[in-house]
Amino acid sequence: MAVELNINGQVKTLEVSPDTPLLWVIRDHLNMTGTKFGCGMSLCGACTVQMNGQAIRSCTMPVSAAQGQAITTIEGVESKAAKAVQQAWEEHAVPQCGYCQSGQIMSASALLQSNPNPSDDEIDSAMSGNICRCATYMRIKTAIKDAAKKLG
Ligand code: FES
Ligand code: FES
């Protein structure tokens, strides 16, 4: 079946089953490998992308549910908030192995897009679904606060 996806500002038509997880379409059909597979069960956040600016888990979302929505991946994220987040990530040397980091950046930038001055609790809540096996959590929090300050 033909599925039409609006991804990173481009419309793509793909021949895939409508129940294919969005993550597989992004990685295997569109060859954008910045979005990672971790658990496949909405538990780790490695597969986080944005749908209409909200952070969502692409591993459990059927591609049919993403039709007609604006999907953004790490390859296409370019809002002011996302740029501030990416700069803060570099300045605070956040990534270790890097595996979780595109998901972390997508969640952090979605947070700052909707709430440019989040409290500690709001940061903890927005980032709680993104697991980092290297435990970069403190640097992530510092970088989000720094990005918020720069945006303010
Ligand atoms: S791979 Fe989607 S949440 Fe873990
Ligand atoms: S940086 Fe290694 S899993 Fe997060």
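Okay, let's start with a quick one: is Asn31 buried or exposed? Keep your guess in mind while I set the scene. What we have on screen is a predicted model, and I want to walk through two asparagines and then the salt bridges.

So, the answer. Asn31 is exposed, because its relative accessible area is 60%, and the cut-off for exposed is over 50%. It sits in the loop between helix 1, residues 22–29, and strand 3, residues 48–51. What caught my eye there is the backbone: Asn31 isn't a glycine, yet its phi is positive, about 60°.

There's another asparagine to look at, Asn52. Its phi is near 50°, again a positive value in a residue other than glycine. You'll find Asn52 in the loop between strand 3 and strand 4, which is residues 54–57. This one counts as partly exposed, with a relative accessible area of 45%.

Right, on to the charges. How many salt bridges does the structure hold? Five. Let me take you through some of them.

Have a look at Glu91 and Lys150. They form a salt bridge, and the closest N and O atoms are 2.4 Å apart. That pair links distant parts of the chain: Glu91 belongs to helix 3, residues 80–91, and Lys150 to helix 6, residues 137–151, with 59 residues separating them. Glu91 is partly exposed at 46% relative accessibility, and Lys150 is partly exposed too, at 43%.

Now stay on Lys150, as it has another partner. Asp146 also forms a salt bridge with Lys150, this time with the closest N and O atoms 3.3 Å apart. Here both residues are in helix 6, four residues apart, so about one turn of the helix. And Asp146 is buried, since its relative accessibility is 15% and buried means under 20%.

Still in helix 6, let's move to Lys145. Its side chain meets that of Asp120 in a salt bridge, 2.9 Å from N to O. Again the pair links distant parts of the chain, with Lys145 in helix 6 and Asp120 in helix 5, residues 120–127, and the two positions 25 residues apart in the numbering. Lys145 is partly exposed at 38% relative accessibility, and Asp120 is partly exposed with a relative accessible area of 36%.

Last stop: which residues are linked with Asp120 and Lys145 in a network of salt bridges? Those would be Asp124 and Lys141.

That's my tour. Happy to rotate the view if anyone wants another look.

Technical notes:
Residues numbered from 1 in each chain as written. Chains lettered and ligands numbered in written order. Predicted model: local features only at pLDDT ≥ 70, side-chain atom pairs only at ≥ 80, totals over all residues. Heavy atoms only, no water. Buried < 20%, exposed > 50% of the residue type's maximum accessible area, 1.4 Å probe, protein only. Salt bridge = Lys/Arg side-chain N within 4 Å of Asp/Glu carboxyl O.
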